[in-house]
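Work through these exercises with the model open beside you. Try each task before you read its solution.

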Amino acid sequence: MSGNAMKLVVVGAAGRMGQTLIRAINAIEGAELFAAVEREGSPFVGRDAGELAGLGPIGVAVTDKPLEAFVAAEGVLDFTAPAATVEFAGLAAQARIVHVVGTTGCSAVDDEKIKAAARHARIVKSGNMSLGVNLLGVLTETAARALGPENWDIEVLEMHHRHKVDAPSGTALLLGQAAARGRGISLAEHSVRVRDGHTGPRAAGTIGFATLRGGSVIGEHSVLLAGEGEMVTLSHSATDRSIFARGAVQAALWARDRKPGLYSMLDVLGLG
Ligand SMILES: NC(=O)C1=CN([C@@H]2O[C@H](COP(=O)(O)OP(=O)(O)OC[C@H]3O[C@@H](n4cnc5c(N)ncnc54)[C@H](OP(=O)(O)O)[C@@H]3O)[C@@H](O)[C@H]2O)C=CC1
Ligand SMILES: O=C(O)C1=N[C@H](C(=O)O)C[C@H](O)C1
């Protein structure tokens with residue numbers, strides 16, 4: 001491990017993404033697992049983080065004291081839950097460190113609080129940290145711009161594992177935002193998130209969302225642009241969570257020397 005390796009904290013260390021992040025940090029030169037955090041009362045507190053992640057012991061015990069960890073670290077990787085992420089953003093601001101946020105399902109109020117924390121912390125937030133999905137966003141924006149609302153309808157379809165608690169997924173919303181940018185419209189004013197019963201015909205210019213849940217699906221996303229007699233489908237399949245974890249570590253390393261502010265994966269990947 002290099003002496004200049006970035007000291008990273010993984011919060012939600014025992015979760016699906018927490019464990020994947022610990023393995024990714026272990027595999028990436030230039031990054032070091034400095035601490036691993038779980039909530040107070042969690043049965044994982046005190047356990048070795050490497051053992052939790054299937055690496056064998058690495059000498060980092062899971063703690064329930066995030067601020068103590070943050071003040072001595074350089075960055076935090078956070079794939080937890082909205083309330084926890086808002087709290088961690090405040091702590092990252094106090095510690096003046098990098099905060100990489102993968103958590104999805106944040107409300108507008110949560111996002112305002114995260115934005116406020118970015119006055120002091122360097123925050124990178126994205127509904128999807130993978131290169132492939134962020135490229136899909138760029139392609140979606142281009143297609144939505146080229147295929148106008150008079151003749152083309154846009155629908156975003158996603159499927160995830162049975163444990164996922166938020167819908168539509170952060171990625172579906174990211175893709176919807178990209179489509180709305182391409183069309184020069186506000187997503188909030190044009191999205192249709194639920195259809196049930198006698199809905200009437202589709203309103204032109206809307207962006208529809210459809211959500212599927214089941215099994216162990218890591219993440220499937222498609223943007224369908226449906227015209228008269230033809231359809232363009234842009235899609236991404238995630239087959240391994242390591243794509244998100246590698247993106248998160250890349251984001252932390254990128255933000256290390258940046259000014260405080262709120263950044264996206266498009267900034268990190270140079271796709272903005
Ligand atoms: N942006 C991206 O690229 C990706 C985003 N995600 C998002 O990441 C989030 C997590 O997903 P996933 O790993 O599958 O979920 P899990 O439920 O497996 O993991 C979440 C972990 O966070 C812990 N946690 C919750 N609150 C706190 C807290 N206050 N302090 C410390 N730990 C806490 C949970 O503990 P406990 O069980 O005790 O609540 C759990 O261990 C979701 O929002 C998901 O949508 C996922 C993959 C990619
Ligand atoms: O909860 C998940 O698992 C995932 N969440 C993110 C989302 O909401 O889009 C990213 C990925 O698809 C996996």
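A residue counts as buried when its relative accessible area is under 20%. Keep in mind that this model is predicted.

**Exercise 1. Find which residues of helix 6 are buried, and what covers them.**

Step 1. Apply the cut-off along helix 6. The buried residues are Val-133, Asn-134, Leu-136, Gly-137, Thr-140, Ala-143 and Ala-144.

Step 2. Look at what covers these buried residues. The cover includes strand 7 (153-160), helix 7 (170-183), strand 10 (219-227), strand 11 (230-238) and helix 10 (265-269).

**Exercise 2. Check the span of helix 6 against the expected value.**

Step 1. Helix 6 covers residues 131-146, which is 16 residues.

Step 2. The expected span is 1.5 Å times one less than the number of residues. For helix 6 this gives 22 Å.

Step 3. Compare. The end C-alpha atoms of helix 6 are 23 Å apart, which agrees.

**Exercise 3. Is helix 9 largely enclosed or largely open?**

Step 1. Helix 9 runs over residues 242-255.

Step 2. Count the buried residues. They number 10 of 14, so helix 9 is largely enclosed by the rest of the structure. Among them are Phe-244, Val-249 and Trp-254.

**Exercise 4. Trace the strands that pair with strand 6.**

Step 1. Start with strand 5 (residues 98-101). It runs parallel to strand 6 (residues 122-125), and 4 bridges join the two. One bridge pairs Val-98 with Arg-122.

Step 2. Follow the chain between them. It leaves strand 5, passes through helix 5 (residues 108-117) and enters strand 6. This β-α-β crossover is right-handed.

Step 3. Now take strand 12 (residues 261-263). It is parallel to strand 6, with 3 bridges between them. Here Arg-122 has Gly-261 as its bridge partner.

**Exercise 5. Which residues are closest to ligand 1, and which atoms lie opposite its oxygen atoms?**

Step 1. Ligand 1 is surrounded by 20 residues. The closest are Arg-16, Met-17, Glu-38, Arg-39 and Thr-104.

Step 2. Check the backbone. A polar backbone atom of Arg-16 is 2.9 Å from an oxygen atom of ligand 1. For a backbone N or O atom of Met-129, the distance to a ligand oxygen is 2.9 Å.

Step 3. Check the side chains. An N or O atom in the side chain of Glu-38 is 2.7 Å from an oxygen atom of ligand 1.

**Exercise 6. Examine the backbone at Pro-168 and Arg-96.**

Step 1. Recall the usual case. Most residues other than glycine have a negative phi, and most peptide bonds are trans.

Step 2. Ala-167 and Pro-168 are joined by a cis peptide bond, with omega about -10°. Pro-168 sits in the loop between strand 7 and helix 7.

Step 3. Arg-96 is not a glycine, yet its phi is positive, about 55°. Arg-96 lies in the loop between helix 4 (82-95) and strand 5.

Definitions and conventions:
Residues numbered from 1 in each chain as written. Chains lettered and ligands numbered in written order. Predicted model: local features only at pLDDT ≥ 70, side-chain atom pairs only at ≥ 80, totals over all residues. Heavy atoms only, no water. Buried < 20%, exposed > 50% of the residue type's maximum accessible area, 1.4 Å probe, protein only. Contact = heavy atoms within 4.5 Å. Pairing = 2+ DSSP bridges. Right-handed = clockwise from strand over helix to strand, strands pointing away. Near = heavy atom within 4 Å. Polar contact = N/O pair within 3.5 Å; in protein donor to acceptor, adjacent residues only side chain to side chain.
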